[in-house]
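Please open the model in your viewer and keep the selection tool at hand. The tour below goes from one selection to the next and says what is to be found at each stop.

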Amino acid sequence: MSNEYAILPCNGLDKCAGCISREVALKMMEQTESEILCPVLYRVTDARYNKIAEEKPLLVVDGCKTRCASKIAAEKGLKVAKKITVTEEAKNRNMEIVDGLRIGENELKLTDDIVTELLKEKEKDEMLEGKSIFPETYEYEFYQKDKFIFRLPSTGFYFNENDVWVYIVGNKARVGVTDYVQKSLSDIMFFTPPAVGSEVEQFGELGCIESGKAVFEIISPVSGKVTSINDKLVSFPEWINENPYEKGWIVELELTELEEDQDLLLDYNAYLPIMKRKVDEFHV
Amino acid sequence: MGENTFMGVPRDKIDWSPRIDYNKCDYCMECVDFCPHNVFEVRENEEKKLIVKNPNNCVVFCRACGKTCGPDALSFPNKSETTKAIKVIRKEMKENE
Ligand code: SF4
Ligand code: SF4
């Protein structure tokens with residue numbers, strides 16, 4: 001993969017985090033062959049940017065959780081290759097961003113850090129595929145409501161009430177979301193994975209998925225350590241819509257407290273009525 | 001509003017809902033638009049224009065509206081403590097059966 005992006009940043013005149021997004025975009029442009037899409041101009045007229053957005057992988061840089069840049073990408077139907085949020089990056093590094101609009105030394109350092117990391121990630125983008133101990137396909141039962149059909153695998157899967165499944169093989173587990181999540185979010189555009197190697201408790205967070213209309217936090221059904229993530233989903237989040245149990249799986253964990261956790265896991269027969277109730281209450 | 005339990009525990013025994021930091025909230029109402037569960041209430045003419053009206057409608061362990069809040073004004077209880085509390089209640093319920 002070549003070292004360039006079409007960068008869609010927050011334009012950043014509302015808060016300092018926005019000014020930092022701008023700075024990140026400028027630095028990326030200077031150090032790579034990337035090009036910037038000005039969000040304000042893009043919003044008004046897209047003729048100039050459509051071609052760039054089509055040719056290069058898109059990097060979205062949101063300033064804060066208002067996610068203006070992401071929303072513009074959604075509005076324009078763009079496919080996002082990589083996305084960061086400045087306030088989250090600051091949080092991960094235990095940095096405080098100043099209140100005003102001017103960038104200080106601290107903010108410059110944050111900018112440099114983010115850019116260095118982006119460049120590094122771009123280099124080791126393609127990872128080798130390992131062999132999996134998990135089956136490639138499963139058997140499903142179906143629940144139909146109007147024209148929507150919800151799949152639910154009947155054997156070997158456990159669930160929590162937050163619509164996340166787990167499939168266990170020995171002390172390893174694969175985790176993902178159910179068809180209910182995928183359908184209620186509709187077109188999933190972003191996958192923010194958890195860090196490989198991080199530990200999660202039962203009901204802890206395993207990253208997020210987002211569509212144009214909502215963010216869904218993936219709530220872990222079990223405790224464990226993240227051993228791998230489905231990093232294909234970063235480029236192809238729509239796989240979660242296609243099949244959230246197979247190629248749309250989210251992460252793999254090494255289980256740490258299965259016996260303890262089992263008390264709060266639901267099997268197919270216990271989860272099905274919960275999913276049905278949610279489907280029936282959901283208004284599209 | 002469906003069955004009012006979470007993992008078999010009556011919902012009103014579980015303390016889980018967003019907390020609004022009024023020093024940070026700018027009343028953009030993104031959270032209200034986002035959440036479909038009628039948790040928040042908008043009160044145009046009051047000083048606090050937004051309150052958590054129905055905390056028990058909030059989905060246990062969900063923190064999704066917090067991610068839509070630009071000023072980071074929403075916070076939630078600690079997850080592992082909440083899990084512990086749920087387990088304790090389940091145990092008590094079993095013992096009393
Ligand atoms: S999203 Fe945040 S700032 Fe906006 S109204 Fe809700 S709590 Fe307040
Ligand atoms: S945490 Fe989830 S359910 Fe609770 S108020 Fe926020 S969006 Fe609604």
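What follows is a short walk through a predicted model, beginning with a whole chain and then turning to the ligands.

Begin by selecting chain A and colouring it by secondary structure, which brings out eleven helices and 15 strands. Chain A has 284 residues, and 50% of them count as buried. If you then draw the surface of chain A, you are looking at about 14,100 Å² of exposed area, of which carbon and sulfur atoms supply 49%. With the contacts of chain A displayed, and taking those with a separation of 6 or more, you will find that 64% of them join residues 24 or more positions apart.

Next, select ligand 1, which sits in the largest cavity. Which residues surround ligand 1? From chain B, they are Cys25(B), Asp26(B), Tyr27(B), Cys28(B), Met29(B), Glu30(B) and Cys31(B), together with Leu50(B), Cys69(B), Pro71(B) and Leu74(B). Sorted by class, this shell around ligand 1 holds nine nonpolar and two charged residues, with no polar residue among them.

Finally, move the selection to ligand 2, which takes up the space of the second largest pocket. There are 13 residues around ligand 2, and those that come nearest are Cys35(B), Cys58(B), Val59(B), Cys62(B) and Cys65(B). When the shell around ligand 2 is coloured by class, eleven of its residues appear as nonpolar, one as polar and one as charged.

Conventions
Residues are numbered from 1 along each chain as its sequence is written. Chains are lettered from A and ligands numbered from 1 in the order in which they are written. This is a predicted model: local features need pLDDT of at least 70, side-chain atom pairs count only at pLDDT 80 or more; totals for chains, interfaces and linings use all residues. Side-chain values use heavy atoms; hydrogens and water are left out. A residue is near a molecule or strand if one of its heavy atoms lies within 4 Å of it. On a 1 Å grid over the protein atoms alone, a cavity is a set of points where a 1.4 Å probe fits but cannot get out, and a pocket is an open set with protein on both sides within 12 Å along at least five of seven lines; lining residues have an atom within 4 Å of a point. A molecule sits in a cavity or pocket if more than half of its atoms lie within 2 Å of its grid points. Ala, Val, Leu, Ile, Met, Phe, Trp, Tyr, Cys and Pro count as nonpolar, Asp, Glu, Lys and Arg as charged, and the others, Gly among them, as polar. Helices (H or I, at least four residues) and strands (E, at least two) are DSSP runs, numbered from the N terminus. Buried means under 20% relative accessible area, exposed over 50%, partly exposed in between (1.4 Å probe, protein chains only). Contact means heavy atoms within 4.5 Å. Accessible areas come from the Shrake-Rupley method with a 1.4 Å probe; for residues, only the protein chains shown count as cover.
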